[in-house]
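Work through the following exercises with the sequence and the model side by side. Each task is followed by a solution that goes step by step.

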Amino acid sequence: MTRVGLSHPACPDAYRVRFLRECTDARLGVLGRREGGAALIRAVVAELRRRSATGLAITPELLTAPTPAQLVLGEHGLHEDVFVAALDCLPFGPDKHDGEEDVEAWMERHRAASGAWDSMWSGIIRAQTVHHRRLLTWCALHSDADRVVREHLLGSLPWHVEPALLEEVAAHDLEYFGRAVLLTQISRSCRDGLTPAQARERYADELAAASQEERDYVERFLDAEMQSRYLQTMTCRSAVAWVERAGRQTWRFLLNPGEAQRLGRPREWLASEELVAAIGTRFATISLTALSLWEPDLDSRSPVVRDLGWLHALLVHLPEVPDEARQKARLVVQDTRRALSARSDAHSYSSDHSAWEENRRAKELIAIIMPLVTDPVPALPGRRTASLGDPQGVGFKKLAAADEDVLVAYLDRHMDNDALVEEALLSFAARPYRSPSPSTTY
């Protein structure tokens with residue numbers, strides 16, 4: 001009733017202004033919903049701007065004592081004008097270093113502010129699901145927010161993102177992989193003996209085809225002061241690191257929709273299963289390039305298990321895996337086993353639960369990956385999930401435990417293997433007896 005009265009043309013402007021000034025920030029958000037009349041919406045926007053401070057940078061304290069704009073953006077169903085006005089009144093991103101503050105002190109403060117910035121946008125995106133596209137339009141003029149907003153749309157709640165927008169955001173994110181590839185190639189040229197000038201010349205065509213932003217990104221790492229061995233090791237792995245991080249964080253739910261659950265039940269996605277699968281295939285395609293650039297980390301003093309996640313995504317989402325990719329995948333698994341063995345020998349993870357969990361997960365993924373490498377499964381609706389593996393190593397007990405559709409598809413792929421047919425016949429004898437259903441007739 002309050003909204004109806006304040007929206008009525010007969011309501012005096014002075015009364016509307018006075019009433020809104022006495023409202024709490026949260027109440028102001030409620031009155032700024034789409035149902036409000038034009039006069040009320042204009043008044044809410046004016047009042048929000050009046051009570052919002054300017055030039056405020058994000059701090060962790062603003063998560064517990066939020067600004068009026070933050071509280072208003074916690075309300076669902078905001079009118080678009082109120083939504084945009086609230087965005088304009090938000091705190092800015094973390095402060096940049098002013099050149100005077102102690103660097104270590106600034107870095108500690110900056111990390112805390114960055115965490116608050118990420119949390120603030122996570123809450124806004126979850127509350128404002130109907131305004132995702134408008135939010136990205138606003139972000140085009142606010143680069144400090146653009147990256148974190150896009151990452152949350154892909155990685156935090158992709159099931160709430162309208163299908164066409166989800167596809168656009170995913171495609172935009174994959175564009176960053178190109179500069180990671182270029183940086184990897186140029187860095188390895190420098191590692192292998194070229195000077196930065198010679199590397200620029202070798203990759204002149206690729207640099208010319210890149211955007212100015214991409215060239216600036218690569219050039220930063222070609223400065224003489226950036227040529228340390230440690231940094232060069234990182235940049236030589238740039239392309240692989242990109243897919244590793246994306247598969248573990250931003251693309252996690254897109255690649256494994258079944259992991260998106262609420263109260264133990266799968267999420268309902270706005271995007272179709274077919275679209276999510278197609279987006280996963282695009283990620284797998286660029287991962288194929290990353291796999292071709294993968295190198296074992298033989299010089300590492302602390303072996304790291306990190307490349308199985310995106311490798312698994314490649315194998316389950318790519319319709320066809322080339323032979324050279326399967327061979328390279330075996331090398332990745334071999335290097336991971338070396339890292340696991342080195343950890344075990346050093347007893348480095350015996351008392352570290354997170355390392356123990358990583359170790360367990362790595363072994364689990366290896367058990368899934370190796371059959372996919374030895375016996376690639378043809379493309380299925382959605383994605384692949386598993387394979388029975390190399391026919392030479394499949395016994396009747398494993399065949400007996402397989403679902404009927406999996407077994408039929410497996411035999412179709414290996415129809416010329418007489419020994420496998422014999423194992424399959426034995427598997428039927430080994431299957432548990434199942435009593436016929438009441439509807440069965442003889």
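A nonpolar core is a set of buried Ala, Val, Leu, Ile, Met, Phe, Trp, Tyr and Cys residues joined through side-chain atoms within 4.5 Å, where buried means under 20% relative accessible area (1.4 Å probe, protein chains only). This is a predicted model, in which local features need pLDDT of at least 70 and side-chain atom pairs count only at pLDDT 80 or more, while totals for chains, interfaces and linings use all residues. Residues are numbered from 1 along each chain as its sequence is written, and side-chain values use heavy atoms, with hydrogens and water left out.

**Exercise 1. Establish where the model should be read with caution.**

Begin with pLDDT, the predictor's confidence in each residue, from 0 to 100: the protein averages 85, and 81% of the residues score at least 70. Next, find residues 433–442, where pLDDT stays under 50 and the model has one contact (heavy atoms within 4.5 Å) beyond four places in sequence. Where pLDDT is low, the predicted coordinates should not be read in detail.

**Exercise 2. Describe the largest nonpolar core and the surroundings of Trp251.**

The largest nonpolar core has 97 residues, and Trp121, Leu135, Val149, Trp242, Trp251 and Phe283 are those with the most contacts inside it. Helix α19 (residues 273–293) gives the most to this core, contributing nine residues; helices here are DSSP runs (H or I, at least four residues), numbered from the N terminus. Then turn to Trp251, which, leaving aside residues up to four places away in sequence, touches Leu154, Ala170, Asp173, Leu174, Trp242, Ala246, Ile279 and Phe283. A second, separate core of 13 residues includes Leu182, Cys190, Leu207 and Tyr217.

**Exercise 3. Determine how α19 packs against α17 and α20.**

Take α17 (residues 238–248) first: its axis and that of α19 come within 8 Å and cross at roughly 140°, the axes being lines fitted to C-alpha atoms over the stretch in contact, with angles from 0 to 180 degrees between N-to-C directions. The pair is therefore oblique, as angles under 35 degrees count as roughly parallel, over 145 as roughly antiparallel, 65 to 115 as roughly perpendicular and the rest as oblique. Residues of α17 that meet α19 include Trp242 and Ala246, and Phe283 is among their partners in α19.

Now take α20 (residues 308–317), whose axis comes within 8 Å of that of α19 and crosses it at roughly 120°, so these two helices are also oblique to each other. The contact is made by residues including Phe283 and Ser287 of α19, with Trp310 and Leu314 among those of α20.

Methods:
Buried < 20%, exposed > 50% of the residue type's maximum accessible area, 1.4 Å probe, protein only.
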